[in-house]
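Subject: Structure for you to look at

Hello,

I am passing on the structure below. My notes on it follow.

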Amino acid sequence: MTVPKLVSMDSPAVALTDLVKRYGRTVAIDGLTLSAGRGEVTAVLGPNGAGKTSTVEICEGFRRADAGTVRVLGLDPARHARELRPRVGVMLQSGGVPPAARAGEWLRLVSRFHARPLDPPALLDRLGLTDHARTPYRRLSGGQQQRLSLAAAVIGRPDLVFLDEPTAGLDPQARHACWEIVRELRAQGVSTVLTTHHMDEAEKLADKVVIIDRGTVVSQGSPRSLTGAERQLRFRARPGLDLDELLNALPAGSTAKESPSGHYVIEGHVGPELLGTVTAWCAAEGVTADDLSVERRTLEDVFLELTGRELR
Amino acid sequence: MTAALDFTPSPGAAPLPRMVLAQAGAEVRSVLRNGEQLLLTLIIPILVLVGFSAVPLLEVPGRRVDFVAPGVLALAIMSTAFTGQAIGTGFERRYGVLKRLGATPLSRTGLMLAKTLAVIAVEVLQIAVIAAVALGMGWRPQGNPLWAALLVLAGTAAFSGLALLMAGTLRAEATLAAANLVYLVLLGLGGVVVPLTSFPHGLRTVVELLPITALTGGLREVLAHGSGLPVRDLLVLLAWAALTLGLASRVFRWE
């Protein structure tokens with residue numbers, strides 16, 4: 001069944017401009033600007049304390065921004081909460097369910113708040129919780145609690161879901177099950193904004209990654225545009241090789257560095273030619289290049305470059 | 001994993017009555033399932049009713065059960081609308097349940113309606129059980145049941161306001177302790193089983209302004225003496241309701 005949309009599909013899922021949020025004298029969000037496209041998966045990536053949860057909670061209408069504009073599906077969550085609540089699914093980072101409530105009952109209750117919800121038993125089944133339908137929330141494992149929260153976020157068939165650290169504390173199998181749901185949501189036209197501090201999660205799932213640090217966006221774009229098309233050649237060898245000599249032999253625009261000691265990284269147009277030049281040079285120097293590999297930069301590398309710090 | 005689900009967006013809020021009934025049903029279930037809550041809402045009032053009606057522990061005017069039953073009804077109302085609701089809501093706030101519900105189509109007004117409905121449903125159950133036990137012990141209620149119902153509703157509003165004021169401002173553990181303490185103090189002071197005539201005059205003037213005293217006194221006027229509407233008691237309850245609900249709506253913190 002199609003339902004007439006109150007707001008045109010043109011407005012982005014989320015558009016934040018110059019957002020500021022302070023808690024007392026701490027500035028949690030410091031002039032943050034980002035947008036999340038309709039029907040896309042947007043991953044907000046950053047270390048703990050970067051302002052991810054504050055940002056998401058402002059979008060969800062739980063908090064008010066001190067400055068800046070917030071638009072969710074084209075609406076202001078502070079002023080249009082009533083219109084937005086049915087259209088936005090929310091998965092909190094933790095809690096939100098009465099400890100004594102049984103999993104199946106809680107999901108059925110949330111489903112009753114919606115006009116055309118998914119079938120609660122079918123959703124429980126999909127998330128592997130059927131055997132725990134009668135288990136009180138407090139007796140579910142951490143992963144089961146997370147999955148129940150995810151189920152409650154999507155049961156109302158929302159336009160947009162906010163998932164705050166959806167896979168934190170999950171075992172690999174449960175993480176993949178969660179990713180599968182996110183991919184399915186995307187395939188069926190649901191917009192997703194998720195926060196994470198797992199690079200692989202952002203790289204694998206997201207159409208767009210927004211890297212935030214200290215309350216502000218340090219970079220955003222598709223995972224590919226952030227990591228770049230460029231590949232790297234890495235190898236280990238004895239420390240102190242004369243890289244200037246190597247650079248002379250490489251095509252112009254290539255870079256070579258030793259970091260840390262004994263670990264070499266060559267960047268540039270990494271093709272068969274470059275590979276051949278490097279190995280020939282190694283042979284001439286009489287060194288064996290160990291762990292020689294050609295790989296793409298990871299978001300971890302990007303984050304490190306942008307902030308000078310490790311993500312975790 | 002099993003069959004694919006249709007996640008295609010089709011958002012919409014359910015009609016308000018359906019949301020409110022669903023939430024009220026969940027709240028009633030959680031009360032009836034909770035052992036401590038049942039102790040508070042049913043078992044203690046019935047023990048007080050049976051104990052004080054059967055055993056001449058205190059000198060009371062008139063027939064013992066006719067004096068005690070209205071007091072126990074008031075106690076039951078207080079235990080559900082005030083103590084149970086304060087503790088329940090306090091922990092809902094602490095566990096982020098109020099926050100999470102705030103992200104569903106159920107509005108805060110809807111949630112408050114559901115809580116009111118759930119409290120009234122539990123009270124109806126309490127009144128039925130307590131009345132049955134009291135009638136079995138020879139209780140002969142007088143007066144107009146409508147006046148009694150009006151007092152019960154006003155009392156419920158006053159106690160709910162007090163409960164939400166506490167649950168919305170204090171930490172959950174503090175609410176738990178304070179709600180139980182207030183319950184015990186009001187049980188002792190409010191004329192539930194101890195007649196106000198046994199208090200010194202000064203204390204009595206103060207005590208008469210408490211919501212539990214007004215509810216107990218008003219119910220006793222109607223049910224034991226067959227009086228008309230006890231206007232003074234009703235006004236005391238309505239004043240408490242206006243004060244506490246007004247204050248709670250300003251200071252209540254949802255998380």
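Helix H1 (residues 52-59) of chain A has 7 of its 8 residues buried, so it is largely enclosed by the rest of the structure. A residue is buried if 20 or more other C-beta atoms lie within 10 Å of its own, with C-beta atoms placed from the backbone; helices are DSSP runs (H or I, at least four residues), numbered from the N terminus. The buried set in H1(A) consists of Lys52(A), Ser54(A), Thr55(A), Val56(A), Glu57(A), Ile58(A) and Cys59(A). Gly61(A), just after H1(A), has a positive phi of about 90 degrees.

This is a predicted model: local features need pLDDT of at least 70, side-chain atom pairs count only at pLDDT 80 or more, and totals for chains, interfaces and linings use all residues. Residues are numbered from 1 along each chain as its sequence is written, while chains are lettered from A and ligands numbered from 1 in the order in which they are written.

The largest nonpolar core (buried Ala, Val, Leu, Ile, Met, Phe, Trp, Tyr and Cys residues joined through C-beta atoms within 7 Å) has 143 residues. Those touching the most other members are Trp106(A), Leu107(A), Ala151(A) and Met78(B). Helix H3 (residues 64-94) of chain B contributes the most to this core, with 15 residues. A second, separate core has 6 residues, including Leu233(A) and Ile266(A).

In chain B, an unreviewed UniProt entry lists several stretches as "transmembrane region", among them residues 67-91 and 146-167; such annotations may be inferred rather than shown by experiment. Residues 67-91 of chain B are 100% helix, with end C-alpha atoms 36 Å apart. Residues 146-167 of chain B are also 100% helix, and their end C-alpha atoms are 31 Å apart.

Regards

Conventions:
A residue is buried if 20 or more other C-beta atoms lie within 10 Å of its own, exposed if 12 or fewer, and partly exposed in between; C-beta atoms are placed from the backbone. Helices (H or I, at least four residues) and strands (E, at least two) are DSSP runs, numbered from the N terminus.
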